[in-house]
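Please consider the structure below, shown together with its sequence. The briefing that follows treats the surface and charge first, then the fold, the confidence and two individual residues.

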Amino acid sequence: MKYLILLTLTLLISASTIAQNKYTISGHVLDNSSGEKLLGASIYIDTLLQGTTANLYGFYSLTVPEGKYMVRFSYIGFQTLYKEIDLTKNVRMDIDLDVASSALEVVTITAKARDGNIKGIEMSTTDLTIETIKRIPALFGEVDVIKSIQLLPGVQTVGEGNSGFYVRGGGVDQNLILLDEAPVYNASHLMGFFSVFNPDAIKDVQLYKGGIPAQYGGKLSSVLDIRMKDGNKKKFHGSGGIGNISSRLTLEGPIVKNKGSFIVSGRRSYADIFLKLAPDTNLRKSQLYFYDLNIKANYDLDSNNRLFLSGYFGEDNFNFAGAFGLKWGNATGTLRWNHVYGQKLFSNVSVVYSKFNYKLGIQDPVISFDWISNIEDVSVKVDYNYYLNPNNSIKFGFQISDHHFNLGRIESDPSSTIQFGFNPGKVRAIEPALYVSNEQRFGTRFSAIYGLRYSMFSNIGVHDTLEIYSYGSDYAVSDTSYYKKGEVYNTYAGWAGLEPRLGLKYELTDESSVKASYNRTRQYVHLASNSTASSPLDIWFPSSKNVKPQLADQVAVGYFRNIRNDMFETSAEVYYKKMQNSIDFKDHAYIFLNKLLEGEMRFGESYSYGLELLVRKQVGKFQGWISYTLSRTEKKIDDINFGIAYPTKYDKRHDLAIVASYKTDKRWMFAANWVFGTGSAVTMPTGRLVYGNEIGPIYSSRNGARLPAYHRLDFSGTLAGKKTKDKVIKDKETGEKTTVTIDKKIAGEWVFSIYNVYARSNPYSIIFTADENQPNTVKTEKVYLFSIIPAFTYNFKF
């Protein structure tokens, strides 16, 4: 009887709770000074222990029972705002947050860190603000988004100056790099020494190494989601910088105050200008430069509808005295429409364009030609956020991408003595996908995010007669098939296209939590490369009858803890990733100008596992982090290395980064970082074979040797100019003079940096040559790119 009464009371209380009226608070969280949306801002009601975060467009929605509440709005680097609300109906409320003063910054960052590191369900995820990135010393003083993420655990590079990055054993082509939702296929300038992202145009950088949300797909290893600034809706202003390598200028302001804004940001290098001063005639005739142009505009049609239009255009141009040239560049465009349906449903519709061109040219009277290749995408995306209740946030949507590949054709100049051509033809493929996911809370400590993505891929004929080769067991052409224009000749679909995603989190205490994740990803577009560094001559190609989609399964478990009142974030994660249908090239593969490229490929499996440790401090004058990765990555392909597993070229057993910055009470800020990594895996000659008068090398197993360990120390100092000045005002009637302090119209800062402080000669490659004095003796020569490099930059705002 006693238990029956308790059960009845429980049901009555539950019924009362269900019957209680519930209402929704929704709106956008914005920067009060500029009108920029604050992605990931925290909205929380302490008395209910319930809250939410703003989505990628700054929109939030929170449904709670009727009543009076104190709602807390917070975001890193901004003053926390408390708003009292008497909730008797649905409320639409846009919130403007003010930038924090130095005294308030500690409190604000602490609140955000607890929500993000402990209470957030995501793991293997890092969110870097552009302010954090600008603190890090950089090569030639060029602040670089990608080189900043290379300092994080689980993210590695293979050598000096390389802007490519490798995440948890994945290749450089297995990273989905997005700029305002548009894919960027080559994110490097000057053969990889700099990235294409102008920091003055960037608002937010988020990296997913694991637990990848269901709305992302198409690549195996990671997602680097970069969002451009929207532009200042309140007032016009500009910023820029002048440095050793390049200069940049950004202008932004309102189209209509508080309703629409624009931003235009440009950057150009000027090494070619200094070449004009060279004593060598050929150098004076040469060109060497890159440029970036970011543009974006947005407009609020009304409180429920917003339009965004953004684009990026960038190019590298190298030409040696008109005889030899390289040119490559990206172009992207994104048109987005945000719409709010009532209080709980938010949608975003995007039309996305992306193109990457690459060109090699030789100009000579005897032989003159251009080698041209590109990849071009047009996509349509529709994404929904449905805030069902405080315990369930549902995301769903679909996407379709139309890929066009030009695999590299040669066009001879009509004036060339030798005429020849090469055209492997164009290739087209359609990649549709749809997804659904739900983030659900079970009580106050346990939560889960679970979802499913489904993707397909179809090859489509482009020419009137398309020639497709089939290969036998010996990888020789065994058959040739012909298809008409528009004909679908190969499709990957069915159960294999399912990609489940799962994330779990349990809060042990208010300062610690454990998390676990699993995700399956599929990749249909691949990169043909025989070098460790990213090159504009690498070729993008699709899955086909001969090349199956790559598949990866990754599991990860992590422990997260904040200590000393959230002053320090700490985390430890272990992961295991298995990849199927992995691609590598046979020994001595011929990639360039090869119509039978697929016959040079070999297929097998890969696996990677490791431990990632991170300690980070984002509070106070002294900030920074220490990251360490212990990992192993290997491939096993039957036709390579006698079927024995071998390390990939980006396998690095140890990877350590120490990043620190200190801001003085006055105008100086000092920063330094030190990195250490195991040398890259390479294939080297280990001996020689003498047969008669012929001498030939004997090589190690595939990637069986190592370059020396890589380590480097960088340092920078920033001297901020005075932001105010004294102005004397004279009273017209009394003649009395008064001194007042006013803000300067132009504020500037000097940044002095030293790259590679102790002049470490880190090897770029090892060359084996015959000794001039002893022809039968082979000697090794280490090639390195940089010694110590000082740099300066002057930044300004107006």
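The chain of this predicted model exposes about 36100 Å². Carbon and sulfur atoms supply 59% of that exposed area. Beneath the surface, buried residues account for 51% of the 798 residues in the chain.

**Charge**
- The chain carries 91 positive and 79 negative charges.
- The mean position of the positive charges and that of the negative charges lie 4 Å apart.

**Overall dimensions**
- The C-alpha trace spans about 95 × 90 × 50 Å along its principal axes.
- The radius of gyration is 29 Å, which agrees with the value near 28 Å that a compact globule of 798 residues would have.

**Fold**
- The secondary structure of the chain consists of 6 helices and 54 strands.
- Of the contacts between residues at least 6 apart in sequence, 64% join residues at least 24 apart.

**Confidence of the prediction**
- The chain has a mean pLDDT of 86, and 92% of its residues reach 70 or more.
- Over residues 1-19 the pLDDT stays under 50; for this segment the model has 1 contact beyond four places in sequence.
- Over residues 102-114 the pLDDT likewise stays under 50, but for this segment the model has 30 contacts beyond four places in sequence.

**Ser239**
- Ser239 belongs to strand E18, which covers residues 237-243.
- Ser239 has a relative accessible area of 12% and therefore counts as buried, the cut-off being under 20%.
- Leaving aside residues up to four places away in sequence, Ser239 touches Asp200, Arg248, Leu249 and Thr250.
- Ser239 also touches Phe796, Lys797 and Phe798.

**Gly342**
- Gly342 sits in the loop that runs between strand E23 (324-341) and strand E24 (345-362).
- The relative accessibility of Gly342 is 48%, so Gly342 is classed as partly exposed, a class that lies between the 20% and 50% cut-offs.
- Gly342 and Asn304 are separated by 38 residues in sequence, and their C-alpha atoms are 8.5 Å apart in space.

Conventions. Residues are numbered from 1 along each chain as its sequence is written. This is a predicted model: local features need pLDDT of at least 70, side-chain atom pairs count only at pLDDT 80 or more; totals for chains, interfaces and linings use all residues. Side-chain values use heavy atoms; hydrogens and water are left out. Helices (H or I, at least four residues) and strands (E, at least two) are DSSP runs, numbered from the N terminus. The radius of gyration is taken over C-alpha atoms; the globule rule is 2.2 Å times the number of residues to the power 0.38. Buried means under 20% relative accessible area, exposed over 50%, partly exposed in between (1.4 Å probe, protein chains only). Contact means heavy atoms within 4.5 Å. Accessible areas come from the Shrake-Rupley method with a 1.4 Å probe; for residues, only the protein chains shown count as cover. Lys and Arg count as positive and Asp and Glu as negative; His and the chain ends are not counted. The place of a charge is taken as NZ of Lys, CZ of Arg, CG of Asp or CD of Glu. pLDDT is the predictor's confidence in each residue, from 0 to 100.
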